[in-house]
Amino acid sequence: MFKVMNATGGYGKTTIIHDVSIQIKPGEIIALLGRNGVGKSTLMRFITGLIPAMAGGVEIDGVKAPAAVTKRARMGLGYVPQGRFVFPRMSVIENIAVAAASNGHDVKKALKEAMDNFPILIPKANDLAGGLSGGQQQILALARALAIKPKILLLDEPTEGVQPSIIDDMAGVLKRVNKEQGISILIAEQNLDFCLSFAERAYVMERGKIVTQMGIDELKGNKVLQQELLGV
Amino acid sequence: MNKNKIIGSILLASSLLVTTAHADIKIGAIFDLTGGLNIYGIQQNNALNLAVENINNNGGLLGDTLVVKSYDSQSELSKYTQYAKTSVLRDGISAMFAGLTSSSREAIRPIFRKANIPYFYSSLYEGGACDKQTFVTGSSASQQLSVLIKWAVEKYGPRIYVMAPDYNFGTISAYWIKKYAADNGAEVVGQDFLALTVTDYSPTLQKIQAAKPDFVVALPVGANQTGFLEQFAATGLKDKIGVVSTNYGSGNQQVVVSPEAGKGLIASQGYFMSVNSPENTEFTKKWVAKYGSEIPIVSGAVDVWNAVHIWAAAVKEAGTAESTPVIAALESGISFKAPNGIVTIEGGSHHLRQNIYIAEGNDQHGFNIIKTFEDVAPSYENEKCDLVSNPKLVKHFTP
Amino acid sequence: MTKSQKCYRLAGLIFPAIAVLCALVAAGMMEPYLAFVATSWIIFGLLGLSLDVVWGRGGLLSLGQTAFYGLGGYFGSVVAINMADLFGNSLLVAIPAGAIFGAMAAAVLGYIIFYSRMGLLQSTILSYTFTLLLWSLTQTFKLEVGNAVIGGDNGLSNIPGVVLSIAPNSESLEPNAVFAAVVLVSAAVYYFTYWLMKSNFGKVIDCIRLDVEKTELLGYDVRKYQLLNFAYSGAVAGIAGALFGLWSNYLNPSIFSVQEALLVPIYVLVGGLGTLAGPFVGACLIGGLSFWLGSGSAGGQTTLMLGVVLILLVLFLKNGIIGALNDIWLRFLPDVNEAAKNSSAVRINVAVLEKILQQAEAQAGPAKELKTDKLLKRFGGVIPVNNVSRIFVPGQPYSLIGPNGAGKSSFLKTCVGIYQPDKGEVFIGSDNVAQMSIFHKVQKGMGVKNQKPQVFSELSVIQNLWIAAFSRTRSEQDAQVVSDEIISMLGLNKHSDVQASALSHGQQQWLDIGMVLCLAPRVVLLDEPAAGMTNEETRELSTLVRTLARYTTVVVVEHDMEFIRTLEGHVTVLHQGEVFAEGDIETLRLNERVLDIYLGRSKHV
Amino acid sequence: MELDYLASVLVSSLSSASILLIATIGLAVVFGLMGVINLAHGEFLMIGAYSALTVTQLGLPYVLSIPVAVLVTMAIGAIVEVLIISRLYGRIFDTMLATWGLSMVLYQLAVLIFGTVSPGIGMPQYNIQIGDYNLAGYPLLMIVVAIAMLVFVYLLMTKTIYGMKARASIQEPEMAQAIGIDSTRTNTLTFAVGCGLAGFAGAVLLPIVPATPSMGFAFVIKSFLTVVVAGPVTLTGSALAAIGLGGGSSITASFMTSVAGDVFFFLVTAIILWLYPLGISAKWRHKL
């Protein structure tokens, strides 16, 4: 069980998210929805510990997560940020290897898994990550996050600027690791179709707060509801 | 209007504050005790303290005790000006002993001229300083080179390569080398002036080999010199080409240079620790007793020791420490039995007649003296500068 | 305003005045040697001031100040030596000579730095290299100019002291009087600099430090301002150098040395960056410390102590001494940003807005159309703007929409000139502006608001608006009138004195829009203006944009479809750098192809 | 110009460039990888030299003294990072001033401990001949040492886990933490490695440049300019910049004067910065 309790935080003195609480059961896939600038990314960063908590905290499997980003990562928090942030002057292999090695996992095994999951990376294995296309970088960021063997995976706009075929691959892999390894997933997306295709539940944010949560079926096919909540 | 008032009040205030009574005779010392030049500065300062101790132990000067006002110029030029002024305005010194580089001398010389206080500059230098209040106890470039070049041409041959730092000491020395080479039927086949920051001498070594000289006059300063000599020896040139210098050993380079590189190098200076005279034996005994024997004594230190004693002799002769009579006494041509032989002030040029030694480096980080030229006159300075007949002369003569 | 606040506001005038008075009184009582030494600290303070002007105000750490200082010193001294026999007064000849030479040297270096738009670190390194180059060249530089003999490493001696009386061969002043004279000269330079930095010029310089791009977007020729500021700092350094020459009566290449170059930033940091008075405090403190250590019992360990002091200062006193005192004082004053805490929603008064826009039209002429002709921009293999030819005219707002990465912002940025177009033309009215600098386009009538709010964080709300208005009106009164109107139109009157950084994200967006309006633009480009705004604010924004479009050409890039719907304007859908569809929003919303690319559905793409 | 002269100038210029590169690599790691301007770099070189000298004076062979120098400088570097540098990341100019203060302290401590005159250890009396010209062997050996250092740092930074962590921590510090890299410790180690490389340089250059408290000063400015000119691809960039600037200035010195060589160095630096405001390697696609 993964819990975010009363999360309040922001940058400097500005508070962006107020009192946000969410819960994710093991193996659950949750969508985090809302318009631009409502605080989805800030919530993600709050969970990873990259912004300090003004109030509230994070609990992983009943253990309160320490403040240090590094320690949270080692407790099984995988993160794919918006904008990917791969290590640009390191090769594809190195990007994945360093993630596996830093968490004490077998580097060779991790690389093999990554290449099996994302064959698209194989021809690029020795290229610098900074030279990859946006979609390839996104895949790499995902592969890197999976290499630390997370219990919960945070995905921030994973389809932004990614071509549709890769989006399909990504969706496939996410479904598989979710099923096979029981990884929970929290995904913030503007691409509704992508989200709706495999999420089970959705939280909707507005102005730094969770305004509602609902089952995914409720949202599917209801264009009025989509427009009202998400402004598409 | 406001300014006049201020100036008035300043004059009033300063006249009240000037201290008039002092029982001791104060002398000033500005040397580089810290910073890059302290290799020289510390020894100069040590020599000054030893000389003052020596004079005080022998009953002081005119019955008074000598007191040293010492300042650390931190190898920074602006500190020289600052402390020179401080010594004049605050400490009321009777004589100043200061400076290593020519620029430090030039920076403070006008201050002591204006204050009419004798100023002793004790370092080997390019020569030519001429000023009523300034006395030089180190040897000048022409003084050393006149004998060294003659000797070296006889020993090695007539082709000379000059390798000198690219500032006044180097360029003026190069001039003298050229002149004395011509006088002795030799020629300068190449010269290279190096920036003070150079640590890599391979370009110079290539040029030396291209010029095929019989000997090299190597004049880099301080630690740079040891670097050059090491590289010179390691290139395998030492056996083919002689190396002579007027400043090797002036900062204890012989200690730093490895025995392989240092053995056989020729240096000419006004003093080497191995000078064999009763004065030197006594002097080194005192020095070792006070400062230990770890670091050999450099010529600059002896120059300071000589300067203090010459000044003291002039004070005794004048019967007072006041500047004008002391300067007159100095100009009368005072002699002193120094560790490096008898030295005599030339009344006109304010430079010293002194012995110049030619020594060869041995494999013990030391020198063996191989030739002594006695009582060498500072002929260039004597020729240009006569402060007895022309006391208003202030100039830095360059050839 | 309370007395304490007034006093705080005038602190830069009052405390230095007190310090000058104290120094003058002390000059009458001090022992001469101390006066002599202290004079050099004041000179170093003046040198520090020159760095504070470029670094604390202009934002560029220059290690070339000692170069201008040395050059000013040499040149001023050469003039002083040659004029000594004729004129006497050395201050009157050396100071202007030093100032002119320092300013010229700085202008040359500044031209290279600013006009090649060099990065900050590289500029610092280049200025440092400049100093080193001078240092190695002057070691052997020999020249006789009249009576002055520049003798390489042996330096330049026989520089006359400070002489006040105007008569040939006058006696130079005594140390205490020199101290007083140098204090007075420094005070004059300080107060002139203080005035300059408070003036319109100084305000622009502050803006450049805070956000150089925004300053240029307001229509200021930032490079010219930077160059002038740098040249002024060179002049101040040159004056300090000339004074130093007169003080020490001797100059030598060590004035260009690395130690000297690095000491200057220390004076500034110790005193407080950007405070103008700080460098004097820093120089006196470091000078005093070094003097006390050098002649005190600790003698010999000066270097060690200075090093330790420096490390401790950097670690524990970030804002310097004046900065630290300032922070303490601020704690006792009412918080200017208090008003930001209870803010209400912005309401646009359409009547007022129309009046403003009519006035703007009267002053700046009719609206201009914006036209692009086969505009192309490429980054490596990506072409975010691919042969876009559009024409935008006044009357109704234009919206650009499209999925992430469609090239909306890039199109806007290429029009603005933040990206240089690779091909194609941009017209504002009849002028082809494709190759013009940004500020020039702004002067032609372009107003731009970028995606993130760009406001000058340290300035108050009204100052932000004023600086924008002043760029157009070039009259303080007119700028005041315009900014007053805009601030009341935005309903931000109560926040007038609040620092822009204290505003909420939404309010900063409004302030930014207000600044654009101050320019009375004839073409307005807005990049995601509604981002981070509440629903209410978005509605007000829509009103504003629609009103604006009646008087000017308006192009909006937006994500928020609801917002675009309320604009009731023309909509262009961009996809992969090209125009994909256009029309009104209702039609487009029924277009499955548009929904597909916008929602990222895969089947139609 | 004779061919053998030309050849000997080229070879010796290459060795000059190598000496510059050896002194620079540590700085390249610290500045290029960490973005820290370490003005005390020269003093770490000096510490390395004195460590090696002290060890040889104790009677151990010179070769053994090199690892000791590396360990000593690494330890001091780690302490300095924890006490000073770690508090100043991101404040590039403050770091510069603090490390300058540090350089003054280290310099003066060296004067107190070692005095101003220490015996050198001498250069191996080995030389080679090109035509009529002799070249000292040890400086030529420096070409090999420089290449070895480059290879070592390259391998350390690309083939070891530590190296990958170090680069990740510096390229994207937040993401590095978010995948579980303890970037605080990694940065301490990286700074220590940079200092260790400086120590190695000081030790290995000891026969050429005798140990004096002020020896670091001669290197730090040129090393620093080399690294800035190099730009983001630190290692290859520095190698190229060192060959271009150091070698070029040495060749200029050979055909003109040494002052011309210095002027060449500074002038070319200024011109390159003008043309490539972010360094020569700003647009390369290489790891290091």
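This note covers one helix of chain D and the interface between chains C and D in a predicted model.

1. In chain D, helix H2 spans residues 41-57, and its 17 residues reach 25 Å from the first C-alpha to the last, which is close to the 24 Å expected at 1.5 Å a residue. Of these 17 residues, 15 are buried, and H2(D) is accordingly described as mostly covered. What follows H2(D), and what is the sign of its phi? The helix is followed by Gly59(D), with a positive phi near 105 degrees.

2. Turning to the interface, 37 residues of chain C are in contact with 37 residues of chain D. The two chains bury about 3,400 Å² between them, and 84% of that area lies on carbon and sulfur atoms.

3. How many salt bridges, and how many residue pairs in polar contact, are counted between chain C and chain D? The salt-bridge count is zero, while the count of residue pairs in polar contact is one, with both residues at pLDDT 80 or more.

4. On the side of chain C that touches chain D, helix H6 (120-138), helix H11 (258-271) and helix H13 (302-316) of chain C each supply at least two residues. The largest share comes from H6(C), which provides 11 residues of that side.

5. By residue class, the side of chain C that touches chain D divides into 25 nonpolar residues, 11 polar residues and one charged residue. This division can be read alongside the 84% of the buried area on carbon and sulfur atoms and the count of zero salt bridges between chain C and chain D.

Technical notes:
Residues are numbered from 1 along each chain as its sequence is written. Chains are lettered from A and ligands numbered from 1 in the order in which they are written. This is a predicted model: local features need pLDDT of at least 70, side-chain atom pairs count only at pLDDT 80 or more; totals for chains, interfaces and linings use all residues. Side-chain values use heavy atoms; hydrogens and water are left out. Helices (H or I, at least four residues) and strands (E, at least two) are DSSP runs, numbered from the N terminus. The expected span of a helix is 1.5 Å times one less than its number of residues. Buried means under 20% relative accessible area, exposed over 50%, partly exposed in between (1.4 Å probe, protein chains only). Contact means heavy atoms within 4.5 Å. Buried area is the accessible area (1.4 Å probe) that two parts lose on being put together, summed over both. A salt bridge is a side-chain nitrogen of Lys or Arg within 4 Å of a carboxyl oxygen of Asp or Glu. A polar contact is a pair of N or O atoms within 3.5 Å; within protein, one must be able to donate a hydrogen and the other to accept it, and residues adjacent in sequence count only if both atoms are side-chain atoms. Ala, Val, Leu, Ile, Met, Phe, Trp, Tyr, Cys and Pro count as nonpolar, Asp, Glu, Lys and Arg as charged, and the others, Gly among them, as polar.
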